[in-house]
Amino acid sequence: MEPRRPAVRRSPGPPDPDDPRPLRLRRLTDLLTPTAVRLAVSLGVPDVLAAGPRTADAIAACCGTDPRATLGLLRRLVVCDVLEEVRPRVFALGELGEPLLDDHLRAFLDLDGAAGHLDRAWAGLGHAVRTGTAAYPQVFGRGFWDHLAADPALAASFDSYMDQWAAVWVPAVAPGLAARAARSVVDVGGGTGGLLAAVLEQDPTLFGTLVEQEASAERARERFTGAGLDERTSVVEGSFFDALPPGEPLYVLAQVVHDWPDDAAVAILRRCAEALPAGGRVLLVERVPDPDRPSRDDVVMDLRMLVVFGARERTRTEFAELARRAGLVLTSVEEAAHGLSFVELRREG
Ligand SMILES: C[S@@+](CC[C@H](N)C(=O)[O-])C[C@H]1O[C@@H](n2cnc3c(N)ncnc32)[C@H](O)[C@@H]1O
């Protein structure tokens, strides 16, 4: 059956020229401006102009682009204050162009990097909202993790994207995590090891194991060596859908479960449950939105998890249900920092 749409209320006459809202809405929903700015970053236009004004033809030659089309792009960037046209066809960085020389900002805007890929998946939002499933495979022809496995540069870019975010939350969360640990910690899907290294630095008696896919595992090894933690760490290259190193008192999954739809999330938690000794714990570090009043960031991340992975952010009740299906019980939820919480799970019985 076709979905039913409510009848549309037609406006009685021509648009009111004094009503600023239609123009605001059109500016808000313009897709060209963000695409143009991010394309300029991806092509390296700000870098070409870092030393001073250049002609459109010179910029096109440096970027390897079509001169006439490049002129059009550059003039669009003038409209939004990223560039200035200082003389006809000669461009310089504008008020919003200077900040584009910052590496951190560039990493977020570059359409070819991991952040760019995650954002380009928004093009499939319609598919995701209609079906409740991931749009990333529709947009890119394969799932996000498969894409990373096939493209080492993209995988490295994703690790560095996660590391930038980790630089914000890890220092605030690591002390609380170290306080919950005794003897050893397994960080499952621990990325490049930033969290594990910070936890071990909090408590010199702790030993850490990191379970990760090959490329991130290698970067974690380099980090541990650089931090002098080789003696206190072990890196296990493998999948968290397979058996985990058994018998450790604490298994941590930081921002891992939210990447997976329910059945896969339960499968990962089951692997933790199988590995847990009596009295052991699984500690999730995740957003736990209030079901009635999610924060703005919770809402955005929930949609991102849907669009990229067909997954979601979960409430306390939803985590409790996942835990139950995996043979675990949710014993506590405590706010950690930066919108993240500790969700503690134990074996049933
Ligand atoms: C969102 S990142 C979180 C990384 C880290 N825990 C953090 O909070 O910064 C998810 C991690 O899961 C890893 N991952 C994805 N599939 C995996 C699998 N099958 N087995 C092990 N790790 C996997 C990815 O490589 C990635 O590092």
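Here are four short exercises on the structure above, each with a worked solution.

The model is predicted, with residues numbered from 1 along each chain as its sequence is written. Local features need pLDDT of at least 70 and side-chain atom pairs count only at pLDDT 80 or more, while totals for chains, interfaces and linings use all residues; side-chain values use heavy atoms, leaving out hydrogens and water.

**Exercise 1. Domains**

Find which residues belong to domain 1 and domain 2, and how many Å separate their centres.

Solution. Start with the bounds, which come from an automatic or database domain assignment. Domain 1 covers 31–106 and domain 2 covers 170–347. Next, take the centres over C-alpha atoms: they are 41 Å apart.

Now turn to the UniProt record, whose annotations may be inferred rather than shown by experiment. An unreviewed entry there lists "O-methyltransferase dimerisation" for residues 32–101. That stretch is 53% helix and 16% strand. The record also lists "O-methyltransferase C-terminal" for residues 122–327, again from an unreviewed entry. Here the chain is 52% helix and 13% strand, with end C-alpha atoms 35 Å apart.

**Exercise 2. The ligand shell**

Work out which residues are closest to the ligand and how the shell divides by residue type.

Solution. Count a residue as near if one of its heavy atoms lies within 4 Å. This gives 17 residues, the closest being Gly189, Glu212, Phe240, Ala254 and Gln255. Then sort the shell: seven are nonpolar, eight polar and two charged. In this scheme Gly counts as polar.

**Exercise 3. Polar contacts of the ligand**

Identify which atoms of Phe240, Ala254 and Gln255 lie by N or O atoms of the ligand.

Solution. A polar contact is a pair of N or O atoms within 3.5 Å. First, a backbone N or O atom of Phe240 lies 2.9 Å from a ligand nitrogen. Second, a polar backbone atom of Ala254 is 2.8 Å from a nitrogen atom of the ligand. Third, Gln255 uses a polar side-chain atom, 2.9 Å from a ligand oxygen. Finally, the protein covers 93% of the 590 Å² of accessible area that the ligand has on its own (Shrake-Rupley method, 1.4 Å probe).

**Exercise 4. Strands**

Trace the order of the three-stranded open sheet, then examine the hairpin of E9 and E10.

Solution. Strands are DSSP runs of E with at least two residues, and two strands pair if DSSP finds at least two bridges between them. The sheet order is E1-E3-E2, with antiparallel pairing. Its edges are E1 (54–55) and E2 (83–87). E2 and E3 (residues 90–93) share four bridges, and Glu85 stands opposite Phe91 in E3.

In the hairpin, eight bridges join E9 (residues 328–337) to E10 (residues 340–347). Leu328 has Arg347 as its bridge partner in E10. Two residues lie between the strands, and His338 takes a positive phi near 50°.

How values were computed:
Polar contact = N/O pair within 3.5 Å; in protein donor to acceptor, adjacent residues only side chain to side chain.
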